[in-house]
Structure formats: structure tokens, C-alpha cells
Amino acid sequence: DVRYVEEKEFLGTGGGLSLLKGKINTPFFLTNCDVLIEADYNSIYKFHQKNENVITVVCALKHVTIPYGVFNMTEDGEIDEIVEKPTMNFLTNTGMYLVDSRVIDELEENRRISFPEIMERYRKNGFKVGVYPVSEESWMDMGQLEELDNMRRRLENQQ
């Protein structure tokens, strides 16, 4: 059973949720339309509940190699360290969240707001906004052409 809610005016990545007031009363998955996450959604849900998060952000570990030598400097402008082609590791937002329905209920109606702003508001007010990590290979961002090609290849190999 699929039902649609039409957003007549763009309300941002979070503001449109206010159109769902009174329609959702349990935690729900929210995702950007251009991502695909291969993960155990039940595990994400259990993690969310166990940690009593208001919002759980699914984040992917990302490894990025800088193709250049990187210079770190001292305060007086001298070279402190040279790192040749360093690899940086960090967690990045995949655009998928598990959200308590209270977030919908507490949104101001028809107010434009991004979902990161909503997360930051809850975090600053002392509520738990957690991170559920997934591997880099678990996240495909179809908004990036290279990632879209990778996704096509992966799906073809699975068939």
C-alpha cells in the first residue's frame, strides 16, 4: 500500500516531513532518492532502539588518497612534516536515516529546513543522534556518475 504526499512548495530535505504529521507513529527510514544502501535494516533498527537515538545516521567509512604530497607547517611557517600521498579515513553521511516519529510531530509546518539542521537541533538540545557505520562498498550514491556506473556493474554481476 503506497500513499503519496505532494509537497507544493519545496521545504528542504527535512521540512517536507511536516506533511506527514499524524500519518506515522513509529520509527521510520528516511533516505535520499539517489542512494542505495546494502545493509541489514533490522540491525540498524535494533541499534537505533538499543541506543535510544532520536535519529540514527547511516554513515559509510570512506578512504580517500590525496594524490599529492601534503605539507604540515609549524606556527612560524616552517615545514613540520611532509606526508606523501596520505590516505584519509572518515565516516560520511550516506543520506539514509532512521528517525523517531516525534521528529515529524515537532516540526513547524510548512517551514523550510534541511535534515542536517534538524539533526543538529536535536543534538544541541541533548538528544541522542547516533551513527550506524557501514562499509564503503555498502553505499552507492547514484547522484555521482562514477558511482552510478559502479552500481550498474555490481548489479549486473549479481544477476
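**Loop residues, aromatic pairs and nonpolar cores**

With a relative accessibility of 55%, Asn110 counts as exposed, and in this predicted model the residue is placed in the loop that runs between H3 and H4. The backbone of Asn110 has a positive phi near 55 degrees, in a residue other than glycine. Most residues other than glycine have a negative phi. A positive value also occurs at Lys85, a residue other than glycine whose phi is near 45 degrees; Lys85 belongs to the loop between strand E5 (79–84) and E6, and its relative accessible area of 48% makes Lys85 partly exposed, because the exposed class begins over 50%. Glu52, which follows H2, likewise has a positive phi, near 55 degrees. At the start of H2, a side-chain oxygen of Asp40 comes to within 3.0 Å of the backbone nitrogen of Asn42.

The largest nonpolar core has 17 residues, of which Ile55, Tyr97, Val99, Phe115 and Ile118 touch the most other members. At least two residues of this core are supplied by each of strand E1 (28–31), strand E3 (55–65), strand E6 (87–99), helix H3 (102–105) and helix H4 (115–124), with the largest share, 4 residues, coming from H4. A second core, separate from this one, has 10 residues, among them Ile44, Val58, Met96 and Leu98. When residues up to four places away in sequence are not counted, Val99 touches Thr26, Pro27, Phe28, Leu30, Val54, Ile55 and Phe115, so that two of its partners, Ile55 and Phe115, are themselves named among the residues of the largest core that touch the most other members. Helix H4 also holds Arg123, which counts as partly exposed at 47% relative accessibility; the C-alpha atoms of Arg123 and Ile55 are 9.3 Å apart in space, although the two residues are separated by 68 residues in sequence.

The count of aromatic pairs comes to 4. In one of them, the ring centres of Phe47 and Tyr132 are 5.3 Å apart and the ring planes stand at 75 degrees, so the pair is classed as edge-to-face. Because Phe47 lies in helix H2 (residues 41–50) and Tyr132 in strand E7, this pair ties together parts that are 85 residues apart in sequence. Phe47 counts as partly exposed at 25% relative accessibility, whereas Tyr132 is buried, with a relative accessible area of 17%. In another pair, the rings of Tyr97 and Phe115 have centres 4.5 Å apart and planes at 50 degrees, and the pair is therefore tilted. Since Tyr97 is in strand E6 and Phe115 in helix H4, the parts tied together by this pair are 18 residues apart in sequence. Tyr97 counts as buried at 5% relative accessibility, and Phe115 is buried as well, with a relative accessible area of 1%.

Burial is also found in a loop, at Ser138, which lies between strand E7 (129–134) and strand E8 (139–141). The relative accessible area of Ser138 is 13%, and the residue is classed as buried because this value falls under 20%. Leaving aside neighbours within four places in sequence, the contacts of Ser138 are with Leu36, Ile37 and Glu38.

Note on methods:
Residues are numbered from 1 along each chain as its sequence is written. This is a predicted model: local features need pLDDT of at least 70, side-chain atom pairs count only at pLDDT 80 or more; totals for chains, interfaces and linings use all residues. Side-chain values use heavy atoms; hydrogens and water are left out. A nonpolar core is a set of buried Ala, Val, Leu, Ile, Met, Phe, Trp, Tyr and Cys residues joined through side-chain atoms within 4.5 Å. Buried means under 20% relative accessible area, exposed over 50%, partly exposed in between (1.4 Å probe, protein chains only). Contact means heavy atoms within 4.5 Å. Rings of Phe, Tyr and Trp (its six-membered ring) pair if their centres lie within 6.5 Å; planes under 30 degrees apart count as stacked, over 60 as edge-to-face and the rest as tilted. A polar contact is a pair of N or O atoms within 3.5 Å; within protein, one must be able to donate a hydrogen and the other to accept it, and residues adjacent in sequence count only if both atoms are side-chain atoms.
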